[in-house]
Amino acid sequence: MKAKAIARANIALAKYWGKSDDALNLPAVPSVSLTLDPLITETTVEFDPSLESDVFELDGERARPSELGRVSALLDEVRAAAGVEAHAHVASVNRFPTAAGLASSASGFAALAGAASRAAGLDESKDTISARARRASASAARSIYGGIVELPAGEPGDDALCARPVAGADHWDLRVIVAITATGRKPIGSRAAMGESRRSSPYYAGWVDHAKASAPQITAALMDRDFERLAPLVEQSFFAMHAVGMAGVPSVLYWQPGSVAAIRAVQALRTDGLEVCATMDAGPHVKAICTAAHAGQVRAALADTPGVLDTLEAQIGPGLEVSP
Ligand code: DP6
(Lines give C-alpha, C1' and ligand atoms only; values in the text may rest on other atoms or scores of the structure.)
Protein backbone atom coordinates (compact mmCIF):
# COMPACT_ATOMS: atom_id res chain seq x y z
CA MET A 1 0.00 0.00 0.00
CA LYS A 2 3.03 2.26 -0.42
CA ALA A 3 4.68 3.72 -3.54
CA LYS A 4 6.96 6.53 -4.55
CA ALA A 5 6.91 8.65 -7.69
CA ILE A 6 9.08 11.29 -9.26
CA ALA A 7 7.69 13.91 -11.62
CA ARG A 8 9.19 17.00 -13.14
CA ALA A 9 7.97 20.55 -13.58
CA ASN A 10 7.05 21.70 -17.04
CA ILE A 11 7.16 25.04 -18.79
CA ALA A 12 4.31 25.88 -21.14
CA LEU A 13 5.37 27.54 -24.40
CA ALA A 14 1.70 27.78 -25.40
CA LYS A 15 -0.04 28.80 -22.18
CA TYR A 16 -3.09 27.30 -20.53
CA TRP A 17 -5.16 30.09 -18.96
CA GLY A 18 -8.89 29.71 -18.36
CA LYS A 19 -11.29 26.79 -17.97
CA SER A 20 -14.20 25.48 -20.02
CA ASP A 21 -15.55 23.44 -17.08
CA ASP A 22 -14.69 24.38 -13.51
CA ALA A 23 -16.02 21.20 -11.89
CA LEU A 24 -13.90 18.90 -14.09
CA ASN A 25 -11.05 21.41 -14.34
CA LEU A 26 -10.97 21.39 -18.14
CA PRO A 27 -8.81 23.94 -19.93
CA ALA A 28 -10.49 26.34 -22.35
CA VAL A 29 -7.40 26.43 -24.57
CA PRO A 30 -4.79 23.96 -25.79
CA SER A 31 -1.32 24.19 -24.25
CA VAL A 32 2.14 22.88 -25.18
CA SER A 33 4.99 22.37 -22.73
CA LEU A 34 8.49 21.05 -22.18
CA THR A 35 9.01 18.71 -19.23
CA LEU A 36 11.99 20.01 -17.26
CA ASP A 37 14.92 18.25 -15.69
CA PRO A 38 16.04 18.52 -12.87
CA LEU A 39 13.04 20.42 -11.40
CA ILE A 40 11.81 17.37 -9.55
CA THR A 41 9.10 16.57 -7.01
CA GLU A 42 9.38 13.28 -5.14
CA THR A 43 6.21 12.00 -3.51
CA THR A 44 5.54 8.96 -1.32
CA VAL A 45 2.00 7.76 -0.67
CA GLU A 46 1.11 5.15 1.92
CA PHE A 47 -2.46 4.07 2.57
CA ASP A 48 -2.68 3.27 6.29
CA PRO A 49 -5.89 1.91 7.90
CA SER A 50 -4.81 3.30 11.29
CA LEU A 51 -5.04 6.93 10.07
CA GLU A 52 -8.17 8.94 10.89
CA SER A 53 -7.65 11.40 8.06
CA ASP A 54 -5.24 12.06 5.22
CA VAL A 55 -1.91 13.59 6.21
CA PHE A 56 0.07 15.70 3.74
CA GLU A 57 3.61 16.86 4.43
CA LEU A 58 5.20 19.25 1.97
CA ASP A 59 8.95 19.72 2.26
CA GLY A 60 8.87 18.23 5.75
CA GLU A 61 6.06 20.43 7.11
CA ARG A 62 2.33 19.83 7.57
CA ALA A 63 0.61 21.40 4.57
CA ARG A 64 -2.06 24.13 4.84
CA PRO A 65 -5.72 22.99 4.87
CA SER A 66 -6.36 24.23 1.31
CA GLU A 67 -3.40 22.21 0.04
CA LEU A 68 -4.55 19.14 1.97
CA GLY A 69 -8.04 19.53 0.48
CA ARG A 70 -6.78 19.28 -3.10
CA VAL A 71 -4.59 16.29 -2.23
CA SER A 72 -7.50 14.50 -0.48
CA ALA A 73 -9.75 15.11 -3.50
CA LEU A 74 -7.28 13.26 -5.71
CA LEU A 75 -6.87 10.49 -3.10
CA ASP A 76 -10.69 10.13 -2.94
CA GLU A 77 -10.77 9.42 -6.67
CA VAL A 78 -8.02 6.80 -6.33
CA ARG A 79 -9.78 5.21 -3.34
CA ALA A 80 -13.01 5.02 -5.32
CA ALA A 81 -11.25 3.44 -8.32
CA ALA A 82 -9.38 0.89 -6.19
CA GLY A 83 -12.06 0.13 -3.58
CA VAL A 84 -9.67 1.25 -0.84
CA GLU A 85 -11.01 2.94 2.28
CA ALA A 86 -7.84 3.76 4.20
CA HIS A 87 -6.57 7.28 4.55
CA ALA A 88 -3.10 8.05 3.30
CA HIS A 89 0.10 9.61 4.44
CA VAL A 90 1.58 11.73 1.65
CA ALA A 91 5.10 13.12 1.85
CA SER A 92 6.23 15.38 -0.96
CA VAL A 93 9.59 17.05 -1.46
CA ASN A 94 10.28 19.71 -4.08
CA ARG A 95 13.84 19.94 -5.29
CA PHE A 96 13.25 23.62 -6.21
CA PRO A 97 11.43 26.66 -4.71
CA THR A 98 7.72 26.02 -4.02
CA ALA A 99 4.90 28.32 -5.19
CA ALA A 100 7.30 30.66 -6.96
CA GLY A 101 5.81 30.18 -10.41
CA LEU A 102 8.05 27.23 -11.11
CA ALA A 103 5.08 24.94 -11.67
CA SER A 104 5.51 23.03 -8.42
CA SER A 105 1.79 22.21 -8.49
CA ALA A 106 2.34 20.51 -11.85
CA SER A 107 5.16 18.24 -10.71
CA GLY A 108 3.48 17.80 -7.32
CA PHE A 109 0.11 16.61 -8.57
CA ALA A 110 1.73 14.50 -11.30
CA ALA A 111 3.89 12.71 -8.73
CA LEU A 112 0.92 12.36 -6.37
CA ALA A 113 -1.30 10.89 -9.09
CA GLY A 114 1.38 8.36 -10.01
CA ALA A 115 2.28 7.34 -6.46
CA ALA A 116 -1.34 7.14 -5.22
CA SER A 117 -2.42 4.96 -8.13
CA ARG A 118 0.41 2.48 -7.56
CA ALA A 119 0.07 2.52 -3.76
CA ALA A 120 -3.62 1.65 -4.11
CA GLY A 121 -2.69 -1.36 -6.24
CA LEU A 122 -4.10 0.03 -9.48
CA ASP A 123 -2.44 -0.75 -12.79
CA GLU A 124 -3.52 2.31 -14.76
CA SER A 125 -2.42 3.73 -18.10
CA LYS A 126 -0.50 6.99 -18.24
CA ASP A 127 -3.54 8.54 -19.92
CA THR A 128 -5.75 7.64 -16.96
CA ILE A 129 -3.16 9.02 -14.53
CA SER A 130 -2.77 12.16 -16.67
CA ALA A 131 -6.55 12.75 -16.65
CA ARG A 132 -6.62 12.38 -12.86
CA ALA A 133 -3.68 14.77 -12.47
CA ARG A 134 -5.56 17.20 -14.76
CA ARG A 135 -8.59 17.27 -12.48
CA ALA A 136 -6.23 18.27 -9.63
CA SER A 137 -4.28 20.85 -11.65
CA ALA A 138 -4.45 20.96 -15.43
CA SER A 139 -0.76 21.72 -15.99
CA ALA A 140 0.03 18.55 -13.98
CA ALA A 141 -1.52 16.43 -16.74
CA ARG A 142 1.43 17.42 -18.95
CA SER A 143 4.12 16.41 -16.42
CA ILE A 144 3.07 12.74 -16.73
CA TYR A 145 4.92 12.68 -20.05
CA GLY A 146 8.48 13.65 -20.89
CA GLY A 147 9.75 15.76 -23.78
CA ILE A 148 7.31 17.99 -25.65
CA VAL A 149 3.73 17.55 -24.45
CA GLU A 150 0.32 18.87 -25.52
CA LEU A 151 -2.83 19.21 -23.46
CA PRO A 152 -5.79 19.84 -25.77
CA ALA A 153 -8.61 22.20 -24.86
CA GLY A 154 -11.48 20.36 -23.17
CA GLU A 155 -15.12 20.43 -24.17
CA PRO A 156 -17.34 20.76 -21.08
CA GLY A 157 -17.96 17.27 -19.66
CA ASP A 158 -14.96 15.62 -21.33
CA ASP A 159 -13.66 14.01 -18.16
CA ALA A 160 -11.21 11.70 -19.98
CA LEU A 161 -9.16 14.61 -21.29
CA CYS A 162 -5.44 13.92 -20.83
CA ALA A 163 -2.13 15.19 -22.13
CA ARG A 164 -0.30 13.53 -25.02
CA PRO A 165 3.42 13.40 -25.77
CA VAL A 166 4.35 14.86 -29.15
CA ALA A 167 8.15 14.35 -29.14
CA GLY A 168 10.70 12.77 -26.81
CA ALA A 169 13.23 14.58 -24.63
CA ASP A 170 15.93 14.06 -27.27
CA HIS A 171 13.98 15.73 -30.11
CA TRP A 172 15.72 19.11 -29.65
CA ASP A 173 18.33 20.14 -27.08
CA LEU A 174 16.59 23.24 -25.75
CA ARG A 175 17.51 24.75 -22.41
CA VAL A 176 15.48 26.82 -19.99
CA ILE A 177 17.23 29.47 -17.92
CA VAL A 178 15.02 30.57 -15.03
CA ALA A 179 15.67 34.12 -13.83
CA ILE A 180 14.42 34.37 -10.24
CA THR A 181 13.17 37.91 -9.64
CA ALA A 182 11.48 37.72 -6.22
CA THR A 183 11.39 35.60 -3.09
CA GLY A 184 8.39 34.32 -1.17
CA ARG A 185 4.93 33.34 -2.26
CA LYS A 186 3.21 35.00 -5.17
CA PRO A 187 0.20 37.26 -4.49
CA ILE A 188 -2.47 35.11 -6.15
CA GLY A 189 -2.43 31.53 -7.41
CA SER A 190 -3.04 30.66 -11.05
CA ARG A 191 -6.44 29.05 -10.40
CA ALA A 192 -7.96 32.13 -8.75
CA ALA A 193 -6.25 34.46 -11.21
CA MET A 194 -7.50 32.69 -14.33
CA GLY A 195 -11.00 32.66 -12.82
CA GLU A 196 -10.80 36.44 -12.43
CA SER A 197 -9.65 36.76 -16.04
CA ARG A 198 -12.63 34.81 -17.31
CA ARG A 199 -15.10 36.74 -15.17
CA SER A 200 -13.79 40.25 -15.61
CA SER A 201 -11.20 40.70 -18.35
CA PRO A 202 -12.47 42.33 -21.56
CA TYR A 203 -9.75 40.44 -23.45
CA TYR A 204 -10.69 36.93 -22.32
CA ALA A 205 -12.65 35.89 -25.43
CA GLY A 206 -9.87 37.20 -27.67
CA TRP A 207 -7.33 35.29 -25.65
CA VAL A 208 -9.21 32.01 -26.10
CA ASP A 209 -9.50 32.49 -29.88
CA HIS A 210 -5.84 33.46 -30.17
CA ALA A 211 -4.57 30.58 -28.01
CA LYS A 212 -6.53 27.99 -30.03
CA ALA A 213 -4.88 29.20 -33.24
CA SER A 214 -1.41 29.68 -31.79
CA ALA A 215 -0.84 26.38 -29.93
CA PRO A 216 -0.70 24.20 -33.09
CA GLN A 217 1.74 26.68 -34.65
CA ILE A 218 3.96 26.39 -31.58
CA THR A 219 3.88 22.59 -31.81
CA ALA A 220 4.74 22.76 -35.52
CA ALA A 221 7.71 25.10 -34.92
CA LEU A 222 8.97 22.75 -32.20
CA MET A 223 8.61 19.72 -34.48
CA ASP A 224 10.56 21.57 -37.22
CA ARG A 225 13.19 22.77 -34.70
CA ASP A 226 12.62 26.25 -36.17
CA PHE A 227 13.64 28.75 -33.50
CA GLU A 228 12.96 31.80 -35.64
CA ARG A 229 9.30 30.80 -36.00
CA LEU A 230 9.05 29.60 -32.41
CA ALA A 231 10.35 32.69 -30.56
CA PRO A 232 7.66 35.28 -31.46
CA LEU A 233 4.86 32.75 -30.97
CA VAL A 234 6.10 31.81 -27.48
CA GLU A 235 6.46 35.44 -26.43
CA GLN A 236 3.05 36.36 -27.80
CA SER A 237 1.46 33.50 -25.84
CA PHE A 238 2.78 34.67 -22.48
CA PHE A 239 2.30 38.39 -23.17
CA ALA A 240 -1.31 37.74 -24.17
CA MET A 241 -1.95 35.62 -21.07
CA HIS A 242 -0.51 38.28 -18.76
CA ALA A 243 -2.36 41.07 -20.61
CA VAL A 244 -5.66 39.25 -20.00
CA GLY A 245 -4.87 39.08 -16.28
CA MET A 246 -3.72 42.69 -16.02
CA ALA A 247 -6.95 43.88 -17.65
CA GLY A 248 -9.17 42.05 -15.15
CA VAL A 249 -10.77 43.51 -12.02
CA PRO A 250 -8.96 43.17 -9.70
CA SER A 251 -5.95 43.41 -11.95
CA VAL A 252 -3.50 40.52 -11.72
CA LEU A 253 0.03 41.83 -12.12
CA TYR A 254 2.79 39.31 -11.44
CA TRP A 255 5.63 41.37 -12.86
CA GLN A 256 8.43 42.84 -10.77
CA PRO A 257 11.01 45.34 -12.02
CA GLY A 258 13.42 42.42 -12.44
CA SER A 259 10.88 40.62 -14.65
CA VAL A 260 10.79 43.52 -17.09
CA ALA A 261 14.58 43.84 -17.03
CA ALA A 262 14.98 40.12 -17.74
CA ILE A 263 12.50 40.22 -20.65
CA ARG A 264 14.39 43.15 -22.14
CA ALA A 265 17.71 41.35 -21.67
CA VAL A 266 16.36 38.30 -23.52
CA GLN A 267 15.02 40.41 -26.36
CA ALA A 268 18.36 42.27 -26.67
CA LEU A 269 20.18 38.93 -26.88
CA ARG A 270 17.84 37.85 -29.67
CA THR A 271 18.47 41.08 -31.54
CA ASP A 272 22.18 40.22 -31.23
CA GLY A 273 21.51 36.93 -33.00
CA LEU A 274 21.10 34.45 -30.12
CA GLU A 275 18.39 31.80 -30.27
CA VAL A 276 16.49 32.76 -27.14
CA CYS A 277 12.97 33.86 -26.19
CA ALA A 278 11.16 34.61 -22.94
CA THR A 279 8.12 33.22 -21.19
CA MET A 280 6.51 33.71 -17.76
CA ASP A 281 3.96 31.75 -15.76
CA ALA A 282 1.71 32.99 -12.98
CA GLY A 283 4.60 34.52 -11.07
CA PRO A 284 7.39 37.08 -11.38
CA HIS A 285 10.16 34.88 -12.75
CA VAL A 286 11.26 34.93 -16.36
CA LYS A 287 12.12 31.72 -18.15
CA ALA A 288 14.41 32.07 -21.14
CA ILE A 289 14.06 29.28 -23.68
CA CYS A 290 17.21 28.85 -25.76
CA THR A 291 19.19 26.39 -27.80
CA ALA A 292 21.94 24.52 -25.91
CA ALA A 293 24.68 26.33 -27.84
CA HIS A 294 23.53 29.69 -26.44
CA ALA A 295 22.65 28.65 -22.88
CA GLY A 296 25.93 29.79 -21.30
CA GLN A 297 25.68 33.30 -22.76
CA VAL A 298 22.01 33.62 -21.87
CA ARG A 299 22.58 32.55 -18.27
CA ALA A 300 25.53 34.91 -17.85
CA ALA A 301 23.54 37.85 -19.26
CA LEU A 302 20.53 37.14 -17.01
CA ALA A 303 22.72 36.68 -13.93
CA ASP A 304 24.07 40.17 -14.66
CA THR A 305 20.63 41.78 -15.09
CA PRO A 306 19.52 44.17 -12.31
CA GLY A 307 16.67 42.64 -10.28
CA VAL A 308 17.60 39.06 -11.15
CA LEU A 309 18.40 37.41 -7.82
CA ASP A 310 19.47 34.01 -9.06
CA THR A 311 19.36 31.78 -12.11
CA LEU A 312 18.63 28.08 -12.62
CA GLU A 313 19.22 26.01 -15.72
CA ALA A 314 17.01 23.16 -16.85
CA GLN A 315 16.85 20.88 -19.85
CA ILE A 316 14.11 18.73 -21.34
CA GLY A 317 13.53 15.63 -19.24
CA PRO A 318 11.49 12.44 -18.91
CA GLY A 319 7.98 11.89 -17.60
CA LEU A 320 6.57 10.21 -14.50
CA GLU A 321 8.66 7.50 -12.82
CA VAL A 322 6.98 5.28 -10.23
CA SER A 323 8.58 2.76 -7.89
CA PRO A 324 8.59 0.10 -6.56
C1 DP6 B 1 0.36 30.04 -16.11
O2 DP6 B 1 -2.33 24.19 -13.82
O3 DP6 B 1 -1.77 25.77 -11.93
O4 DP6 B 1 1.34 27.96 -15.48
O5 DP6 B 1 -5.62 23.80 -13.34
O6 DP6 B 1 -6.29 25.64 -11.83
O7 DP6 B 1 -4.53 24.04 -11.10
P8 DP6 B 1 -5.19 24.75 -12.26
O9 DP6 B 1 -4.10 25.74 -12.88
P10 DP6 B 1 -2.54 25.50 -13.17
O11 DP6 B 1 -2.28 26.68 -14.21
C12 DP6 B 1 -1.07 26.84 -14.86
C13 DP6 B 1 -1.07 28.11 -15.60
C14 DP6 B 1 0.27 28.52 -16.20
C15 DP6 B 1 0.35 28.17 -17.67
C16 DP6 B 1 0.61 26.72 -18.00
O17 DP6 B 1 1.32 26.02 -17.26
O18 DP6 B 1 0.12 26.30 -19.07
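This report describes the ligand site, the cysteines and the unusual backbone geometry of a predicted model.

**The ligand site**

The ligand is surrounded by 18 residues, of which Tyr16, Lys19, Ser137, Ser139 and Arg142 come nearest. Sorted by class, this shell comprises seven nonpolar, five polar and six charged residues. Among the polar contacts, oxygen atoms of the ligand pair with the side chains of Arg70 and Arg191 and with the backbone of Ala138, at the distances set out below.

| Residue | Atom in the protein | Distance to a ligand oxygen |
|---|---|---|
| Arg70 | side-chain N or O | 3.0 Å |
| Ala138 | polar backbone atom | 2.8 Å |
| Arg191 | side-chain N or O | 2.8 Å |

Taken on its own, the ligand has 460 Å² of accessible area, and the protein covers 95% of this. Two elements, helix H4 (138-142) and helix H5 (190-200), each contribute two or more residues to the shell around the ligand. Because domain 1 (2-169) and domain 2 (174-316) both give residues to that shell, the ligand lies between the two domains.

**Cysteines**

A disulfide is a covalent bond between the sulfur atoms of two cysteines. The model has zero disulfides when sulfur pairs are required to lie within 2.5 Å. For Cys277, the closest cysteine sulfur is that of Cys290, and because the two sulfurs are 8.8 Å apart, they are too far from each other for a bond. Cys277 counts as buried because its relative accessibility is 0%, and Cys162, at 17% relative accessibility, counts as buried too.

**Backbone geometry**

Most residues other than glycine have a negative phi, and most peptide bonds are trans. Against that background, the peptide bond from Asp37 to Pro38 is cis, with omega near 5°, and Pro38 itself belongs to strand S4 (residues 31-48). Another cis peptide bond, with omega of about 0°, joins Val249 and Pro250; Pro250 is placed in the loop between helix H7 (227-246) and helix H8 (257-271).

Positive phi values are found in Asn25, at about 55° although the residue is not a glycine, and in Arg225, also a residue other than glycine, near 50°. Asn25 sits in the loop between strand S2 (19-21) and strand S3 (26-27), where its relative accessible area of 2% makes the residue buried. Arg225, by contrast, is partly exposed, with a relative accessible area of 47%, and occupies the loop between helix H6 (204-223) and H7.

Notes:
Residues numbered from 1 in each chain as written. Predicted model: local features only at pLDDT ≥ 70, side-chain atom pairs only at ≥ 80, totals over all residues. Heavy atoms only, no water. Near = heavy atom within 4 Å. Polar contact = N/O pair within 3.5 Å; in protein donor to acceptor, adjacent residues only side chain to side chain. Areas by Shrake-Rupley, 256 points an atom, 1.4 Å probe, with all protein chains shown as cover. Helix = DSSP H or I, 4+ residues; strand = E, 2+ residues; numbered from the N terminus. Nonpolar A, V, L, I, M, F, W, Y, C, P; charged D, E, K, R; others polar. Domains from an automatic or database assignment. Buried < 20%, exposed > 50% of the residue type's maximum accessible area, 1.4 Å probe, protein only.
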